[in-house]
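Words such as buried, exposed or salt bridge can sound like matters of taste. How can each of them be traced back to a value and a cut-off?

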Amino acid sequence: MASGMVLLVVIGVLIYLGFAQRILDKMRLTDRQALLFIGAVLIGTFIPDIPITDNLGINIGGGVLPILLIGYLLMKADTVKEKRRAVTALIVATVVVYGAAKIIPVEPTYNFFLDPMYIFALLAGIVGYLAGRSRRSAFIAGSGAMILTDVVSRIEVVLIGGEGSLVIGGAGMFDGIIIAGLIAVSLAEIVGETREHIQRPATFSRENEHQEHHENQGEQEENQNPDHNPDRQGGE
């Protein structure tokens, strides 16, 4: 079984057990929607590719469904600013992955420590998070960069008069799309959670200082104006 499929099965189990609720909430997805998406992707990889041209096609599980999810997440963005940031992150991540593909040999036989597809997915995930920041934008940029790089590469082949066939989201690219999205969202979750834990004590401390300041200020005013203190008036 491909690594992308294994990851999807593991993610599906985690969602079923309720361990991904927080992340899904941030991505505006319910458990049922996420499980249906994973099931559809797994089934979609076994359905024949959809032909676009004579030598270009798109896989349903690795191409069509991820693109639909990216479009859905983009529509669910809270503000226009977030949508722009997601699109910008997608472009930045695509440029980085495309540039890396020009430097790193694409064929696995030329790499000894890691399949190039995993290197590209790792880059897409990291850059997707750094440029996108939120869970939604990170996923859009990470997985979207792998798909868009596939499309740009195909356009490049056509422009230079090259030959060969390509299936968007097919074969090894399917693993890359899944891994890139998972890395991007995981980084956004881990860094976001860590930041909240670091900021929480500082915020609590500032609130305490603010409260103490008000209490001290009140005591000073009472000392300066004892006549306005009913308790002191009664005692005197």
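The questions and answers below concern a predicted model, and they go from the chain as a whole to single residues.

Q: What makes up the protein chain, and in what order do the elements run?
A: The protein chain holds nine helices and three strands, and from the N terminus on the order is α-α-α-β-β-α-α-α-α-β-α-α. Of its 236 residues, 35% are buried, and the chain exposes about 14,100 Å², of which carbon and sulfur atoms supply 64%. Among the contacts between residues at least 6 apart in sequence, 69% join residues at least 24 apart.

Q: Why is the pair of arginine 22 and glutamate 189 called a salt bridge?
A: The name requires a side-chain nitrogen of Lys or Arg within 4 Å of a carboxyl oxygen of Asp or Glu. Between the side chains of arginine 22 and glutamate 189 the N to O distance is 3.1 Å, and 3.1 Å is within 4 Å, so the pair is a salt bridge. The two residues come from distant parts of the chain, since arginine 22 belongs to helix 2 (residues 21–26) and glutamate 189 to helix 8 (residues 171–224), 167 residues apart. By this rule the count comes to seven salt bridges.

Q: How do you know whether arginine 22 and glutamate 189 are buried, partly exposed or exposed?
A: Buried means under 20% relative accessible area, exposed means over 50%, and partly exposed lies in between. Glutamate 189 has 11%, which is under 20%, and is therefore buried. Arginine 22, at 33%, falls between the two cut-offs and so counts as partly exposed.

Q: What makes arginine 22 and glutamate 193 a salt bridge as well, and which parts of the chain does this pair tie together?
A: The closest N and O atoms of arginine 22 and glutamate 193 are 2.4 Å apart, which is within 4 Å, so this pair also meets the rule. Arginine 22 lies in helix 2 and glutamate 193 in helix 8, so the salt bridge ties together parts that are 171 residues apart in sequence. Glutamate 193 has a relative accessibility of 22% and is therefore partly exposed, as 22% is not under 20%. Arg22, Glu189 and Glu193 are also linked with Arg135 in a network of salt bridges.

Q: How do you know that arginine 28 and aspartate 78 form a salt bridge, and where do they lie?
A: Their side chains meet with 2.6 Å from N to O, and because this is within 4 Å the pair is a salt bridge. Arginine 28 lies in the loop between helix 2 and helix 3 (31–44) and aspartate 78 in the loop between helix 4 (60–75) and helix 5 (80–103), so the pair ties together parts that are 50 residues apart in sequence.

Q: Why do arginine 28 and aspartate 78 get their accessibility labels?
A: Aspartate 78 has 51% relative accessibility, which is over 50%, so aspartate 78 is exposed. Arginine 28 has 33%, between 20% and 50%, and is therefore partly exposed.

Q: Why is glutamate 82 called buried, and which residues does it touch?
A: Glutamate 82 is found in helix 5, and with a relative accessible area of 9%, under the 20% cut-off, it is therefore buried. Leaving aside residues up to four places away in sequence, glutamate 82 touches Ala77, Ser134, Arg136 and Ser137.

Q: How do you know that glycine 169 is buried, and what surrounds it in terms of contacts?
A: Its relative accessible area is 1%, which is under 20%, so glycine 169 is buried. Glycine 169 is found in the loop between strand 3 (166–168) and helix 8, and its contacts, not counting residues up to four places away in sequence, are Asn59, Gly62, Gly63, Asp150, Phe174 and Ile177. Glycine 169 and aspartate 150 are 19 residues apart in sequence, while their C-alpha atoms are 8.0 Å apart in space.

Q: What makes valine 13 accessible enough for the nonpolar patch?
A: A patch residue needs over 30% relative accessible area. Valine 13, located in helix 1, has 43%, so this part of the rule is met, and valine 13 counts as partly exposed. The nonpolar patch is formed by Val6, Val9, Val10, Val13, Leu14, Tyr16, Leu17, Phe19 and Leu35, with about 860 Å² of accessible area together, and its largest share, six residues, comes from helix 1 (residues 3–16).

Key: Residues are numbered from 1 along each chain as its sequence is written. This is a predicted model: local features need pLDDT of at least 70, side-chain atom pairs count only at pLDDT 80 or more; totals for chains, interfaces and linings use all residues. Side-chain values use heavy atoms; hydrogens and water are left out. Helices (H or I, at least four residues) and strands (E, at least two) are DSSP runs, numbered from the N terminus. Buried means under 20% relative accessible area, exposed over 50%, partly exposed in between (1.4 Å probe, protein chains only). Contact means heavy atoms within 4.5 Å. Patches are made of residues with over 30% relative accessible area and no salt bridge: like charges are joined within 9 Å, nonpolar side chains (Val, Leu, Ile, Met, Phe, Trp, Tyr) within 5 Å. Accessible areas come from the Shrake-Rupley method with a 1.4 Å probe; for residues, only the protein chains shown count as cover.
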